[in-house]
Amino acid sequence: MRKYTLVGVPGSGKSTHGARLTHDFDLVRISVGDIFRWHVRHHTKIGARVRDGMAAGRLVGDTLVEAVMRDRLEQHDWNHGFVIDGFPRNRRQAEFFLETYDIDAVIYLEISDSQVRERVLARRRCSRCGTDYSLIESRPRQEGTCDSCAGRLVARDDDTSEALTTRIQDYRRNIGPVLELLRRKAPVFVIDASGDPDTVQAEIRTRLGLASPPAPGEGSTGRADS
Ligand SMILES: [Zn+2]
């Protein structure tokens, strides 16, 4: 069983690297952001609370984040483990997490403020299906239009230069105590995430002792004898 959590400032590549790990090692990806987007799309009660909060320009509250994470982790739908993306993001969430669950390692993706700006300001999301795009790395085939559903691509309201300054400061202020707490239970690997995704992914695997992906067909049978 491999249980990891990926943390990092917005734009550090959490979803990219989380998706690659889960794909190659048969893990389940648990993204708080994706869960909330699902609720918003399906007009659930949780979705309404998330939407109200976002309309007011707030981050989703701790109580709601914790409730959603508890529900998700209680599903136990993983055989080989999971990768949590973007949680915990403050001290209170970290305390809740540590009281309730065990993890094997924390991966902290580190990039500079100027890189955060460059990457975040290039982000676009489909207003209909929620697919993410980057005008740097994953441009849509047709400008402003989603490849999968032809929905309109928009920047997030809070992906503006001014709002970003505040978010970066908030993030950096909160992440120190989070890492300090998590370190009591699991090793924290600080990864320089400024390079290209292949290099960063290779570094993550080396640090986690996952140097090579399983051979085709081996993915679901666990580790080979060694
Ligand atoms: Zn779409």
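**Exercise 1. The crossing of α4 and α5**

Determine the handedness with which α4 passes α5 in this predicted model, and decide whether the two helices are roughly parallel or roughly antiparallel.

Solution.
- Step 1. The pass of α4 over α5 is a right-handed crossing.
- Step 2. Helix α4 covers residues 62-73 and helix α5 covers residues 91-100; their axes come within 10 Å and cross at roughly 25°.
- Step 3. Angles under 35 degrees count as roughly parallel.
- Step 4. α4 and α5 are therefore roughly parallel to each other.
- Step 5. The residues that meet are D62, V65 and E66 on the α4 side, and R92, Q93 and F96 on the α5 side.

**Exercise 2. Two loop residues**

Classify H80 and G144 as buried, partly exposed or exposed, and list their contacts beyond four places in sequence.

Solution for H80.
- Step 1. Locate H80: the loop between α4 and β3 (81-85) holds this residue.
- Step 2. A residue is buried with 20 or more other C-beta atoms within 10 Å, exposed with 12 or fewer, and partly exposed in between.
- Step 3. H80 has 17 C-beta neighbours inside 10 Å, so H80 is partly exposed.
- Step 4. Setting aside residues up to four places away in sequence, H80 touches M1, R2, F25, D26 and L27.
- Step 5. For a distance across the model, take R124: 44 residues separate it from H80 in sequence, and the C-alpha atoms are 32 Å apart.

Solution for G144.
- Step 1. Locate G144: this residue sits in the loop between β6 (132-134) and β7 (153-154).
- Step 2. Within 10 Å of G144 there are 10 other C-beta atoms, so G144 is exposed.
- Step 3. Apart from neighbours within four places in sequence, G144 contacts R152 and L153.
- Step 4. From G144 to I107 the C-alpha separation is 33 Å, with these positions 37 residues apart along the chain.

**Exercise 3. The core and the domains**

Name the residues that touch the most other members of the largest nonpolar core, list the contacts of V83, and give the separation of the domain centres.

Solution.
- Step 1. The largest nonpolar core has 31 residues, and those touching the most other members are L6, V83, I84, I107, L109 and I191.
- Step 2. Take V83: without residues up to four places away in sequence, its contacts are Y4, L6, G18, L21, T22, L27 and R29.
- Step 3. In the domain assignment, domain 1 is made of 2-113 + 165-208, and domain 2 of 122-158.
- Step 4. Over C-alpha atoms, the centres of domain 1 and domain 2 lie 22 Å apart.

Definitions and conventions:
Residues are numbered from 1 along each chain as its sequence is written. This is a predicted model: local features need pLDDT of at least 70, side-chain atom pairs count only at pLDDT 80 or more; totals for chains, interfaces and linings use all residues. Domain bounds come from an automatic or database domain assignment. A nonpolar core is a set of buried Ala, Val, Leu, Ile, Met, Phe, Trp, Tyr and Cys residues joined through C-beta atoms within 7 Å. Two residues are in contact if their C-beta atoms, placed from the backbone, lie within 7 Å. Axes are lines fitted to C-alpha atoms, for helices over the stretch in contact, and angles run from 0 to 180 degrees between N-to-C directions. Helices (H or I, at least four residues) and strands (E, at least two) are DSSP runs, numbered from the N terminus. Angles under 35 degrees count as roughly parallel, over 145 as roughly antiparallel, 65 to 115 as roughly perpendicular and the rest as oblique. A crossing is left-handed if the near helix is turned anticlockwise from the far one by less than a right angle, and right-handed if clockwise.
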